[in-house]
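Visitor: Before we begin, could you show me the structure and then explain how each description of it is reached?

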Amino acid sequence: MTVPENRQFRLKARPTGRIERSHFDFATQPAPEPGPGQALVRVQYLSLDPTNRIWMSDMDQYMPPVAIGEVMRGGGIGVVMKSESDRYQVGDHVMGLTGWQDYCLADEGENAMAVLPANLPIPLSAMLGACGMTGLTAYFGLLEIGRPQVGETVLVSAAAGAVGSVVGQIAKIRGCRVVGIAGGEAKCRYLLDELGFDAAVDYKASDWREQLAAATPDGIDVNFENVGGEIMEAVMARMNLFGRMPLCGMISGYNSGEPMRADFSSILMRRIEVRGFIVSDFMDRFPAATQELATWYLEGRLKHQETVIDGLEQAPEAVNLLFDGGNRGKLVVRVSDD
Ligand SMILES: NC(=O)c1ccc[n+]([C@@H]2O[C@H](COP(=O)([O-])OP(=O)(O)OC[C@H]3O[C@@H](n4cnc5c(N)ncnc54)[C@H](OP(=O)(O)O)[C@@H]3O)[C@@H](O)[C@H]2O)c1
């Protein structure tokens with residue numbers, strides 16, 4: 001086999017606001033040769049996530065920031081092209097941290113990539129979305145930290161996005177009243193008409209605070225927080241006593257470089273239980289949860305929506321869609337064919 005070319009985005013400078021192409025070197029070199037215990041993987045789909053922006057910065061975070069000169073970190077799915085490991089067979093689909101590049105090496109041990117079952121009845125990209133890390137984030141944040149009860153009101157922000165859309169659907173499966181906050185009428189209609197939410201609040205409308213009040217006449221029992229800032233504060237001010245708040249993300253602050261703040265008075269007065277989490281906190285329970293998400297998906301109870309961008313070269317500009325609201329559901333880059 002001739003050695004294929006491997007295009008890679010390497011971080012050149014840390015963004016101070018929006019992500020620009022100039023923050024990266026886009027270089028080409030020969031794909032690496034797998035050593036003993038390794039496999040060569042051709043990347044098919046890259047997951048674009050708000051956390052990519054966090055990893056590019058040097059803010060306090062849950063993993064080391066991507067070093068200057070390092071290949072940009074990113075989750076993805078690929079196919080094994082060559083293997084020197086018993087763990088990986090040629091043709092296997094694997095999932096893990098592929099990085100923003102055409103080819104990567106899969107290792108064994110604690111950094112091993114997950115091998116997906118053969119003949120999966122689920123599209124590969126959905127394994128990055130509703131049935132993958134995105135779905136798991138929604139699943140554990142909502143069910144473990146939010147602990148929603150039948151008939152309770154669950155509110156989720158960034159509701160038409162990857163995690164938010166799954167949160168709302170799981171809350172419906174669990175018999176809750178579900179309210180989503182999203183930007184624009186079209187996304188709000190999508191929540192109501194296609195995902196079965198009970199109410200939607202368009203935070204880009206001038207009367208969004210009134211919409212929020214009208215959508216939550218009995219207050220809010222669980223706030224699945226994805227956005228932070230003034231939306232979070234307005235939601236917390238409508239929470240019921242002893243409400244639960246899984247703090248999943250605060251995307252409104254990621255580009256600002258400023259500390260992400262919250263008003264603690266609502267937490268005290270309403271005795272809200274706030275818990276931040278990272279999906280990997282629940283890693284030992286991923287297999288059973290993935291099985292449940294996949295079952296819901298195959299039964300038609302959980303929809304996977306995605307926004308697909310073609311071409312690795314688009315990755316830096318495409319991440320900005322997450323901050324502009326340009327995506328619906330999971331944002332992925334198709335790097336090469338299935
Ligand atoms: N803790 C974890 O383990 C974990 C894992 C995955 C994701 N997350 C977090 O979960 C959140 C959602 O991530 P995702 O991957 O599902 O992305 P996403 O929701 O698919 O995309 C981000 C969405 O956020 C909304 N948004 C962006 N800036 C906003 C702002 N200033 N105010 C209000 N809404 C804004 C946009 O929707 P609109 O069009 O509605 O504005 C955009 O489509 C993020 O905060 C992310 O960091 C956490």
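Guide: Please keep in mind that this is a predicted model. Among contacts in the protein chain between residues at least 6 apart in sequence, 65% join residues at least 24 apart.

Visitor: What makes the protein chain as compact as a globular protein of its length?

Guide: The chain, which holds 9 helices and 15 strands, has a radius of gyration of 20 Å, and since the globule rule gives 20 Å for 338 residues, the two values are close, so the chain is as compact as a globular protein of that length. Its C-alpha trace spans about 65 × 45 × 35 Å along the principal axes.

Visitor: How much of the protein chain counts as buried?

Guide: Of the 338 residues, 53% count as buried, a word used for residues under 20% relative accessible area. The accessible surface of the chain comes to about 14900 Å², and 50% of that surface belongs to carbon and sulfur atoms.

Visitor: Why is Phe242 called exposed?

Guide: Exposed means over 50% relative accessible area, and Phe242 has a relative accessibility of 53%, so Phe242 counts as exposed. Phe242 is placed in strand E12, which runs over residues 239-247, and its phi is near 60°, a positive value in a residue other than glycine.

Visitor: Why, then, is Arg271 called partly exposed?

Guide: Partly exposed covers what lies between the 20% limit for buried and the 50% limit for exposed, and Arg271, at 44% relative accessibility, therefore counts as partly exposed. Arg271 is found in the loop that joins helix H7 (264-269) to strand E13 (273-276), and phi of Arg271 is near 50°, again a positive value in a residue other than glycine.

Visitor: Which residues of helix H5 are buried, and how do you know that they are on the same side of H5?

Guide: In helix H5, which covers residues 208-215, the buried residues are Trp208, Leu212 and Ala215. They cover an arc of only 70° around the axis, and this is why they are placed on the same side of H5. Glu210 and Ala214, by contrast, are exposed on the other side of H5.

Visitor: What covers the buried residues of H5?

Guide: The cover includes three strands, E8 (153-156), E9 (177-182) and E10 (199-202), together with helix H6 (229-236).

Visitor: How far apart are the mean positions of the positive and negative charges?

Guide: The protein chain has 31 positive and 43 negative charges, and their mean positions are 4 Å apart.

Key
Residues numbered from 1 in each chain as written. Predicted model: local features only at pLDDT ≥ 70, side-chain atom pairs only at ≥ 80, totals over all residues. Heavy atoms only, no water. Helix = DSSP H or I, 4+ residues; strand = E, 2+ residues; numbered from the N terminus. Rg over C-alpha atoms; globule rule 2.2 N^0.38 Å. Buried < 20%, exposed > 50% of the residue type's maximum accessible area, 1.4 Å probe, protein only. Contact = heavy atoms within 4.5 Å. Areas by Shrake-Rupley, 256 points an atom, 1.4 Å probe, with all protein chains shown as cover. Lys, Arg positive; Asp, Glu negative; His and termini not counted. Charge placed at Lys NZ, Arg CZ, Asp CG, Glu CD. Arc of directions from axis to C-beta.
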